[in-house]
Amino acid sequence: MKINDLLNIANTYGSPVYVYDAQKIASQYNRLTNAFASVPKLRINYAMKALSNISILKLMKDLGAGLDTVSIQEVQLGLLAGFDPQQIIFTPNGVSMDEIEEAMRLGVQLNIDNLSFLEQFGTQHPEIPVCIRINPHVMAGGNSNISVGHIDSKFGISIHQIPHILRIVENTKMHINGIHMHTGSDILDIDVFLYAAEILFETAKHFKDLQFIDFGSGFKVPYKEGDIQTNIEELGERLSSRFADFCKEYGRNLTLAFEPGKFLVSEAGYFLVKVNVVKQTTSTVFAGIDSGFNHLIRPMFYGANHYIENISNPEGKNRFYSVVGYICETDTFASNRQIAEITEGDILCFHNAGAYCYTMASNYNSRLRPAEVLWQNGEAKLIRKAETFEDLLRGQIY
Ligand SMILES: *Cc1c(COP(=O)(O)O)cnc(C)c1O
């Protein structure tokens, strides 16, 4: 997208506003499928918790993706967007058996992540095939909040409990049609990822009814110049050939599945905000914007570094700023950041605002959530209105 397109959107729809570039989503999707082009059966399930607007889900469906869901509400949104139940995998953690059975009644693929529920579910519904989430205890990720494969993680069934899984399967006569791992975000080291994949292959040999192996996600995308990212092409080359060998050994072609969120949508998103005030203090210059961590929590929550561009003055000379929000507690988007000279009223653009941005927004400080706009074929389309005061009152009894 060009700076002028973004400025026009801020003018038309006001600020703050989220913008998503459909073309970028498609190119990321194609990059992934191209990297695995030699795999006969490939399945990309979009992890919709990253960005769950129904228009985005429809876009994913048109690209040929399935869906990875983590709550019954995500399943319902996916069905509403037009996905077939078989195109949806339900990978919850710590939800009730009632919720899992509700998903079962909707006909989606279930992914079970603890022994207690595996035994209960297998006893009640031995005829319904399920996938099991394995924890290979491999640390692939960066930030400890998003690294979910380590030994103390609450996710998945430990690789050391395979004998117990096998006993449950034998006793209940249930069917395991898939095995899954998701070791967390920010995979940098392909050797580590492939090591975890080997553990999954070893595990897979124990199960005779498999249809797919799901390698999760966690592909790292660049946030700023010079950032390292997962080398998808190298991963594609190495994992594809290893997967082909495994399928030969296993006796038939299985589906290779991934469930990326961030990789597909992060770079497609822009968050446009307006500078309310430029405030000089004794030690810094603050740019106070018309938003806060209620709209974009990642810098405060994960220490995420979103590149910020002054699109009202792109050629201006760089100065150091601290970009802060309007929430009444520490609300810092960036400290000592070089940005083209800012004047009150300028529009700033946050990059990488597609994944885990709008979906993590809240009404804290009784603020309203912003609009979302889809940029497609050179046109801007409103795909969610900004909230109004009535939205804050909905459901309140007074
Ligand atoms: C969040 C999540 C993903 C997506 O992770 P990204 O880092 O956004 O690609 C995939 N699978 C599961 C089970 C998840 O919980």
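# Notebook: a walk through a predicted model

**Entry 1: a residue in helix 3.** I started with D62, which I found in helix 3. Note to self: this is a predicted model, so everything below is computed from it. Is D62 buried or exposed? With a relative accessible area of 68%, D62 is exposed, because that value is over the 50% cut-off. I also checked how D62 sits relative to K220. The two are 158 residues apart in sequence, and their C-alpha atoms are 24 Å apart in space.

**Entry 2: helix 4.** Next I looked at helix 4, residues 72-80, and asked which of its residues are buried. I noted I72, E74, V75 and G78 as buried there. They sit on the same side of helix 4, because they cover an arc of only 155 degrees around the axis. I reminded myself of the textbook rule: an α-helix has 3.6 residues a turn, so residues three or four places apart point the same way. What do the buried residues of helix 4 pack against? My list has two helices on it, helix 3 (54-63) and helix 5 (97-105), plus strand 3 (66-69) and strand 4 (88-90). Just after helix 4 I hit G82, which takes a positive phi of about 105 degrees.

**Entry 3: helix 6 against helix 7.** I then took a pair of helices. Two packed helices are described by the angle between their axes and the distance between the axes, so I looked up both. For helix 6 (residues 115-124) and helix 7 (residues 162-172), the axes come within 9 Å and cross at roughly 10 degrees. Angles under 35 degrees count as roughly parallel, so I wrote down helix 6 as roughly parallel to helix 7. Which residues meet here? On the helix 6 side I have L115, L118, E119, G122 and T123, and on the helix 7 side H164, I165, I168 and T172. Sorted by type, the residues of this contact give four nonpolar, four polar and one charged.

**Entry 4: just past helix 7.** K173 caught my eye in the loop between helix 7 and strand 8 (176-180). Its phi is near 60 degrees, a positive value in a residue other than glycine. K173 is exposed, because its relative accessible area of 60% is over 50%.

**Entry 5: near the start of the chain.** I looked for an odd peptide bond and found a cis one joining S15 and P16, with omega about -5 degrees. P16 is in the loop between helix 1 (3-13) and strand 1 (17-21). Moving on to helix 2 (residues 22-35), I picked Q28. Is Q28 buried or exposed? Q28 counts as buried, because its relative accessibility is 4% and the cut-off is under 20%. Leaving aside neighbours within four places in sequence, Q28 is in contact with F263, L264 and E267.

**Entry 6: the annotated sites.** Last, I went to the UniProt record, an unreviewed entry. One "binding site" annotation there covers G218 and Y356. They are spread over 139 residues of sequence, yet they cluster in space, with a largest C-alpha distance of 13.1 Å. G218 is in the loop between strand 9 (212-214) and helix 9 (232-250), and at 4% relative accessibility it counts as buried.

Where is Y356? I found it in the loop between strand 16 (347-350) and strand 17 (371-376). Y356 is buried too, because its relative accessible area of 14% is under 20%. I noted its contacts as K49, A50, K262 and R298, not counting residues up to four places away in sequence. Phi of Y356 is near 60 degrees, which is a positive value in a residue other than glycine.

UniProt also lists R298, Y302, E329 and Y356 under "binding site", again in an unreviewed entry. From that list I picked E329, which lies in the loop between strand 14 (318-324) and strand 15 (332-340). How accessible is E329? E329 is partly exposed, because its relative accessible area of 44% lies between the 20% and 50% cut-offs. E329 touches F293 and Y364, with residues up to four places away in sequence not counted.

Notes: Residues numbered from 1 in each chain as written. Predicted model: local features only at pLDDT ≥ 70, side-chain atom pairs only at ≥ 80, totals over all residues. Heavy atoms only, no water. UniProt positions renumbered as here; feature names shortened; annotations may be inferred. Helix = DSSP H or I, 4+ residues; strand = E, 2+ residues; numbered from the N terminus. Buried < 20%, exposed > 50% of the residue type's maximum accessible area, 1.4 Å probe, protein only. Contact = heavy atoms within 4.5 Å. Axes fitted to C-alpha atoms, helices over the stretch in contact; angles between N-to-C directions. Parallel < 35°, antiparallel > 145°, perpendicular 65-115°, else oblique. Nonpolar A, V, L, I, M, F, W, Y, C, P; charged D, E, K, R; others polar. Arc of directions from axis to C-beta.
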